[in-house]
Amino acid sequence: MSNPAVRRAVCPGSFDPVTNGHLDIFGRASRIYDEVIVAVLINQSKSGLFSHDERLEMLRAVTAEFANVRIASFEGLLVDFCRTENVAVVVKGLRAVTDFDYELKMAQMNFGLSGLETLFMPTNPLYSFLSSSLIKDVAKWGGDVTPHVPAMVAKRLTTRLADARRHAAP
């Protein structure tokens, strides 16, 4: 069992792909908590651009600079994962009011289910427009995403989308 005196937080998501905005939140949370668990949701009903294992691999590589950040997976309810990992706080980055509306409902449900607290962290304005979906769309059409994602992620995006275009060509 984990040490209850250690202050842990979880940053959950799909991270398909991870962006510099995500990394900013992980880094800031890592300065507040003893351990930050980046928890990647296993969602059987959704197929992402990158497999679950690829996302875990990329996250491990790009968070290696943070000594107290750990990458994990979960399936099912976040509150159950947090109970198992002895985590009392979820850290969520908020880009805009629309994020708040959705995330507030999730936070209230999690609190109602288990008393799990949520810390809303405003996104650095440099990253306020970033989303994994937007990154994928820009990369799909040949746009330069290198300022918005780690270099290894940009390379993987370029390769994956080039492969997809080759397979889709008549």
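Tutor: Before we start, a contact here means heavy atoms within 4.5 Å. And keep in mind that this is a predicted model.

Student: Okay, so what share of the protein chain's contacts joins residues 24 or more positions apart?

Tutor: Take the contacts with a separation of 6 or more: 76% of them link residues 24 or more positions apart.

Student: How do you know what radius of gyration to expect for a compact globule of 170 residues?

Tutor: The rule is 2.2 Å times the number of residues to the power 0.38. For 170 residues that gives a value near 15 Å, and the protein chain has 16 Å, so the two agree. Along its principal axes, the C-alpha trace spans about 55 × 30 × 30 Å.

Student: What makes a residue count as buried, and what percentage of the protein chain is buried?

Tutor: Its relative accessible area has to be under 20%. Of the 170 residues, 42% are buried.

Student: What makes a set of residues a nonpolar core?

Tutor: The members must be buried residues of the nonpolar kinds, joined through side-chain atoms within 4.5 Å. The largest such set has 33 residues, and Val-18, Phe-26, Leu-59, Val-91 and Leu-157 have the most contacts inside it. Among the elements supplying at least two residues each are β1 (8–13), α1 (20–32) and α6 (151–168). A second, separate core has twelve residues, including Phe-81 and Cys-82.

Student: Which residues does Leu-157 touch, leaving out those up to four places away in sequence?

Tutor: Using the 4.5 Å cut-off, Leu-157 touches Pro-17, Leu-49, Phe-50, Ile-135, Lys-136, Ala-139 and Val-145.

Conventions: Residues numbered from 1 in each chain as written. Predicted model: local features only at pLDDT ≥ 70, side-chain atom pairs only at ≥ 80, totals over all residues. Heavy atoms only, no water. Buried < 20%, exposed > 50% of the residue type's maximum accessible area, 1.4 Å probe, protein only. Helix = DSSP H or I, 4+ residues; strand = E, 2+ residues; numbered from the N terminus.
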